[in-house]
Structure formats: structure tokens, C-alpha cells
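Please walk through the model shown below, taking the loop and then the segment that follows the last helix.

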Amino acid sequence: MAKPGSADKINGAVHQPCHHDSAHKHVSGQAVYIDDMPEIVDTLHIYVAQSERAHARLVHMDLSDVRSAPGVAAVLTARDIPGKNDA
């Protein structure tokens, strides 16, 4: 980031074209996106569950059905993460 009064300047302006490095792949259809790639066998997927209420205080979570669901490798909660929970 340029400091006020420094010799650094911003290249280009709103009215000048500034091409992204892979723009030609995007417009030609040659860009490869993650959903275009074949999934690796035995890929582990992660699902982050959140409360349906933004300001609710969770007093109990019964995760037994989640833990026993087919294909579930692990279930983690805030209690599984060491340190201060400040997020």
C-alpha cells in the first residue's frame, strides 16, 4: 500500500482496462474450477453447522445422531479446541 507522499503510485484508473492474469481462460471457457475437477477417492468433506439463531445461548447439544450417522468421521465442537474461545 502506498504511503501518502511516497513515490509509489496506483497503476491504471477506473476508465482504463486492467486484465486479470487468467481472464483469457475465463472468457474462453478454458478456466478449470474446483467443481470441474474429479473428486479424489475417499475425500473427507467438512460440514460446519451453525445455530439457526444468531444471538442464542446454546445450553445443550445432543450430537449422538450426528456421530452415529453413516460416513461421519468426527464431530468437533468448541470444547474440542484448546485455548480461549473468543470467536
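**From loop to C-terminal segment**

Aspartate 42 is found in the loop between α1 and α2. The model in which this residue sits is predicted. Although aspartate 42 is not a glycine, its phi is positive, at about 65°. Its relative accessible area is 77%, so aspartate 42 counts as exposed, the cut-off for that class being over 50%.

The two elements that bound this loop are α1, covering 23-28, and α2, covering 64-67. The protein chain has two helices and zero strands. Burial is likewise limited to a stated share: 5% of the 87 residues of the protein chain count as buried. The accessible surface of the chain amounts to about 9,500 Å², and carbon and sulfur atoms account for 55% of that surface.

Isoleucine 34 is also placed in the loop between α1 and α2. With a relative accessible area of 66%, isoleucine 34 is exposed, because the value is over 50%. Isoleucine 34 belongs to a nonpolar patch on the surface, which it forms with Val32 and Met37. Together, Val32, Ile34 and Met37 have about 330 Å² of accessible area.

Which class, buried or exposed, does valine 75 fall into? Valine 75 lies in the segment after α2, and its relative accessibility is 19%. Buried means under 20%, so valine 75 counts as buried. Leaving out residues up to four places away in sequence, valine 75 touches Leu63, Val66, Arg67 and Asp80. Of these contacts, Val66 and Arg67 fall within the range of α2, 64-67. A distance to serine 64 can be added: the C-alpha atoms of valine 75 and serine 64 are separated by 9.6 Å, and the two residues are eleven residues apart along the chain.

Threonine 77 lies in the segment after α2 as well. Its relative accessibility is 18%, which is under 20%, and therefore threonine 77 counts as buried. With residues up to four places away in sequence again not counted, threonine 77 touches Met61 and Leu63. Leu63 is thus listed among the contacts of threonine 77 and also among those of valine 75.

In summary, aspartate 42 is exposed and isoleucine 34 is exposed, whereas valine 75 and threonine 77 count as buried.

Technical notes:
Residues numbered from 1 in each chain as written. Predicted model: local features only at pLDDT ≥ 70, side-chain atom pairs only at ≥ 80, totals over all residues. Heavy atoms only, no water. Helix = DSSP H or I, 4+ residues; strand = E, 2+ residues; numbered from the N terminus. Buried < 20%, exposed > 50% of the residue type's maximum accessible area, 1.4 Å probe, protein only. Areas by Shrake-Rupley, 256 points an atom, 1.4 Å probe, with all protein chains shown as cover. Patch = residues over 30% accessible without salt bridge, like charges linked within 9 Å, V, L, I, M, F, W, Y side chains within 5 Å. Salt bridge = Lys/Arg side-chain N within 4 Å of Asp/Glu carboxyl O. Contact = heavy atoms within 4.5 Å.
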